[in-house]
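Here is a quick tour of one protein model, taken from its ring pairs to its sheet. Have the viewer open and follow along.

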Amino acid sequence: MADQFAIGVDYGTNSVRALVVNVATGEEIATHVFEYPSGEAGILLDARDPNLARQNPADYIQGFLVSVKSAVADAASVPGFSADAVVGIGVDTTGSTPIPVNADGVALGTLPEFKDNLAAGAWLWKDHTSHAEAMEITELARQRGEPYLAKCGGTYSSEWYWSKMLHCVRTAPEVAAATASWVECADYVPAYITGNTDPKTLARSICAAGHKAMYNEAWGGLPSEDFLKALDPKLVEWRYTTKAVASNHKAGDLTDEVAQQVGLPAGIPVSVGAFDAHMGAVGAGAQDGVLVKIMGTSTCDCLPSPMDREMADIPGMCGIVPESIVPGMYGLEAGQSAVGDIFNWFVKHLSPAAYGNDGAAHEKLTSEASKLKPGESGLVALDWNNGNRTILVDPLLTGLLVGQTLHTTAPEIYRALVEATAFGALTIILRAEEYGVKVEQVVNCGGIAEKNAMVMQIYADVCNRPMKISRSAQTCALGAAVFGSVTGGVYGTVEEAQAKMTGVKATVYTPIPENAAVYADLYKVYRTLHDAFGTTDFSGSLSGVMKDLIRIRNEVRKGE
């Protein structure tokens with residue numbers, strides 16, 4: 001049988017990557033990265049407002065054309081590859097990154113009259129200008145007793161769909177007046193390359209709609225017209241009625257025009273889009289009982305759960321959406337607002353001169369910190385330097401370090417910060433299991449997981465579960481290619497495609513029993529601080545925290 005291939009196109013915050021994958025083996029035969037040319041590293045900023053982050057929609061189109069054309073050209077040198085053997089294309093993007101479009105589905109930011117208007121661009125996921133609107137949406141839903149918040153952790157976010165649209169109405173009325181609809185980037189790219197750009201009929205992703213737009217079939221799709229009208233009547237005009245679907249559905253076929261520009265035949269099936277972390281989870285092998293952590297500056301945790309089991313609303317979980325990760329399963333999303341960012345903050349601002357404040361400092365600090373035993377430092381930290389995404393859903397929380405003495409060293413603090421992020425990860429796992437969703441193993445993706453053995457061992461010991469590493473370094477693009485293989489008809493299900501196209505590395509970090517025991521003791525201290533500073537119903541006492549840390553420290557040191 002001749003080789004067949006799928007293409008995954010992964011839109012990140014600063015660039016887009018196209019990946020060509022052999023669907024029979026998962027071998028990644030060619031890739032190309034296109035850096036967005038607009039703004040600063042692809043982001044359009046406003047010096048007057050640090051919360052603003054927009055992008056030029058034209059970069060997305062140019063990015064597809066350049067990255068796919070280049071990847072296909074590189075693949076041509078691989079024996080067995082042929083452009084005619086490409087069976088499907090999948091697309092993932094950041095989110096929520098909604099784009100205002102006209103009645104023809106043309107992004108306003110690509111039109112001459114709006115090219116210098118930041119509000120007419122794509123509202124990047126990290127744009128927080130709509131924080132007041134997010135609070136308003138949350139409060140209105142609570143006052144009215146609406147069910148919408150139950151599936152997204154109980155609090156609506158400034159990063160999400162409706163809050164950004166409401167902010168546009170109030171701050172850029174000229175853009176709002178010209179906008180026929182808003183389209184998530186994850187839907188915009190597949191719509192463009194298949195020629196189905198009409199906002200009334202283009203394919204809408206259940207991943208984007210369910211996690212960011214309060215979409216659920218239980219209440220008929222998007223929030224009601226009455227609810228949206230209470231926020232602003234303009235939102236009612238933008239309430240689409242299309243049924244949102246999973247990425248094993250086809251958004252359309254590659255158009256002649258686009259196909260000619262990228263060196264592919266027209267008519268290749270294109271999957272419905274989804275968010276990067278969710279397709280990354282698929283590319284890492286997410287399934288029942290397998291949590292995938294996409295680790296970077298922050299983390300996104302994705303966990304499928306069978307839909308034939310009853311799924312309770314889980315307080316503090318960022319999203320519970322049917323089929324948002326693996327079709328036929330609930331998709332649970334959680335995450336931490338800062339992980340690598342915390343380590344980078346310490347190195348950049350607090351690392352002693354002996355270690356420096358660059359990439360080499362991480363290696364030096366890790367080398368020294370890895371010599372320490374769990375609990376030996378007498379320190380514990382809270383991982384909230386950028387707020388808390390899960391399970392407290394509170395951006396107004398901050399970091400904390402307890403247990404310092406005149407003998408505390410930089411490697412001890414560095415390790416305590418790593419341990420804090422592991423405790424945060426465990427908190428997410430325990431919340432899922434509290435509501436009946438088992439986490440039997442964890443697959444990790446990203447540079448931290450691949451390069452830092454100390455971090456992975458700490459996570460294994462703290463979470464008391466094996467930590468595996470995804471075989472692919474490009475799990476998001478690989479996950480998109482997995483969906484391309486399914487809509488292309490090679491596999492009947494995502495699970496079948498995963499079995500052939502995904503995998504983990506041979507290295508597995510297993511819990512060390514004596515370490516896990518100490519961390520279980522330390523986690524009690526962490527959880528006391530977590531509840532005391534992060535909740536309003538804490539009724540305990542903090543008087544024993546420091547003494548507990550000293551006790552644990554002394555017990556560990558005596559055991560040396």
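## Rings, sulfurs and a sheet

Let's start with Phe 346, which is buried at a relative accessible area of 3%. Keep in mind that this is a predicted model. Tyr 414 counts as buried too, with 2% relative accessibility.

Over the whole structure, a search turns up 16 aromatic pairs. One of them joins Tyr 11 and Tyr 60: the ring centres are 5.9 Å apart and the planes stand at 90°, so this is an edge-to-face pair. Tyr 11 belongs to strand S1 (residues 5-11) and Tyr 60 to helix H1 (residues 57-75), so the contact links distant parts of the chain, 49 residues apart. Both Tyr 11 and Tyr 60 are buried.

Back to Phe 346, whose ring pairs with that of Tyr 414. Here the centres are 6.2 Å apart and the planes make 50°, so the pair is tilted. Because Phe 346 sits in helix H11 (residues 340-349) and Tyr 414 in helix H13 (residues 410-434), the pair ties together parts 68 residues apart in sequence. Which residues form one aromatic cluster with them? Phe 343 and Trp 345 join Phe 346 and Tyr 414 there.

Here are the two ring pairs side by side:

| Pair | Centre distance | Plane angle | Geometry |
|---|---|---|---|
| Tyr 11 and Tyr 60 | 5.9 Å | 90° | edge-to-face |
| Phe 346 and Tyr 414 | 6.2 Å | 50° | tilted |

Rings also meet charges in this model. The charged end of Arg 54 sits over the ring of Trp 123, 3.5 Å from the ring centre. Likewise, Arg 204 has its charged end over the ring of Tyr 240, 4.0 Å from the centre.

Now for the sulfurs. How many disulfides does the structure hold? The count is 0. Take Cys 445: the closest cysteine sulfur is in Cys 476, 7.4 Å away, which is too far for a bond. The cut-off for a disulfide is 2.5 Å between the sulfur atoms. Cys 445 counts as buried at 3% relative accessibility, and Cys 476 is buried as well, at 13%.

Helix H3 (residues 161-171) is worth a look: 9 of its 11 residues are buried, so the rest of the structure largely encloses it. Among the buried ones are Trp 162, Lys 164, His 167 and Cys 168.

On to the sheet. It is an open one of 7 strands with mixed pairing, in the order S15-S16-S14-S13-S19-S20-S21. Strand S15 (319-322) and strand S21 (504-509) are at the edges, and each has a single partner strand, so one side of each lacks a neighbour in the sheet. On average, neighbouring strands are turned by 25° against each other, direction ignored.

Within the sheet, strand S13 (residues 290-295) and strand S19 (residues 441-445) run parallel and are joined by 5 bridges. Lys 293 has Asn 444 in S19 as its bridge partner.

Which helices pack on these strands? H13 touches S13, strand S14 (299-306), strand S16 (329-336) and S19, and its direction makes about 150° with that of S16. Helix H15 (residues 453-463) lies across S13, S19, strand S20 (467-470) and S21, and it runs at about 135° to S20. H13 is also the helix that holds Tyr 414, so the tilted ring pair leads from H11 to a helix packed on the sheet.

How values were computed: Residues numbered from 1 in each chain as written. Predicted model: local features only at pLDDT ≥ 70, side-chain atom pairs only at ≥ 80, totals over all residues. Heavy atoms only, no water. Phe/Tyr/Trp six-rings, centres within 6.5 Å; stacked < 30°, edge-to-face > 60°. Helix = DSSP H or I, 4+ residues; strand = E, 2+ residues; numbered from the N terminus. Buried < 20%, exposed > 50% of the residue type's maximum accessible area, 1.4 Å probe, protein only. Lys NZ or Arg CZ within 6 Å of the ring centre and 35° of its normal. Pairing = 2+ DSSP bridges. Axes fitted to C-alpha atoms, helices over the stretch in contact; angles between N-to-C directions. Contact = heavy atoms within 4.5 Å.
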